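Colleague: I am new to this one. Could you show it to me and explain the terms you use as we go?

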Amino acid sequence: MNCPCCGSRIPAITTVERAAQSMPRVQRKLLTVLARQFGSFVSTERIGNAVWADDLDGGPLNAPVCISQAAARARKGLAPFGITIECKHSMGYRVKELDA
């Protein structure tokens, strides 16, 4: 993505962090975890631990489903910025730039 003022390239991680600010808590935390490892896969377990770290019960029993739903919703919010969330079975999730 390019800056509308000067036209210089904005790093994708900055774009992800900016997009996440307007999203609900689970999506925001999901994107925070993924942005820190931009381009690399992060396991569903690691995402769940980060998203629900401050919950005394460790989060919902169906955490993988909640993460999947949050990723789908966040993906829609990232699309206008040229970024997507990719999921691979047994590897987890990652954020990456859309192919041109």
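Modeller: Happy to; what follows is a short talk about two helices, a core and two single residues. Please keep in mind that this is a predicted model.

Colleague: Thanks! Why is α2 called oblique to α3?

Modeller: Helix α2 covers residues 25-36 and helix α3 covers residues 44-51, and they pack at an angle of about 125°. Angles of 65 to 115 degrees count as roughly perpendicular and those over 145 as roughly antiparallel. The angle of about 125° falls in neither range, so α2 is oblique to α3. Their axes are 9 Å apart, and the crossing is right-handed.

Colleague: Which residues meet where α2 packs on α3?

Modeller: From α2 come Arg25, Val26, Lys29, Leu30, Val33 and Leu34, and from α3 come Ile47, Ala50 and Val51. This contact divides into seven nonpolar residues, two charged ones and no polar ones.

Colleague: And which residues touch the most other members of the largest nonpolar core?

Modeller: Those are Leu30, Leu31, Leu34, Ile47 and Ile85, in a core of 23 residues. Two or more residues each come from α1 (12-20), α2, α3, α4 (63-78), β1 (83-88) and β2 (92-97). Helix α4 gives the most, with six residues.

Colleague: What does Ile85 touch?

Modeller: Not counting residues up to four places away in sequence, Ile85 touches Leu30, Leu31 and Leu34, along with Ala71, Ala74, Arg75 and Leu78. Tyr93, Arg94 and Val95 complete that set of contacts.

Colleague: Next, the single residues. What makes Thr84 count as buried?

Modeller: Thr84 has a relative accessibility of 13%. Buried means under 20%, so Thr84 counts as buried. Thr84 lies in strand β1 and touches Arg75, Arg94, Val95, Lys96 and Leu98, again leaving out residues up to four places away in sequence.

Colleague: How do you know that Cys66 counts as partly exposed?

Modeller: The same kind of check works here. Cys66 has 21% relative accessibility. Buried needs a value under 20% and exposed one over 50%, so Cys66 falls in between and counts as partly exposed.

Colleague: Where does Cys66 lie, and what is in contact with Cys66 beyond its neighbours within four places in sequence?

Modeller: Cys66 lies in helix α4. With those neighbours left aside, Cys66 is in contact with Trp52 and Pro60. Cys66 and Val26 are 40 residues apart along the chain, with 8.5 Å between their C-alpha atoms. Val26 is also one of the α2 residues that meet α3.

Definitions and conventions: Residues numbered from 1 in each chain as written. Predicted model: local features only at pLDDT ≥ 70, side-chain atom pairs only at ≥ 80, totals over all residues. Heavy atoms only, no water. Axes fitted to C-alpha atoms, helices over the stretch in contact; angles between N-to-C directions. Helix = DSSP H or I, 4+ residues; strand = E, 2+ residues; numbered from the N terminus. Parallel < 35°, antiparallel > 145°, perpendicular 65-115°, else oblique. Left-handed = near helix turned anticlockwise from the far one by under 90°. Contact = heavy atoms within 4.5 Å. Nonpolar A, V, L, I, M, F, W, Y, C, P; charged D, E, K, R; others polar. Core = buried A, V, L, I, M, F, W, Y, C linked by side-chain atoms within 4.5 Å. Buried < 20%, exposed > 50% of the residue type's maximum accessible area, 1.4 Å probe, protein only.
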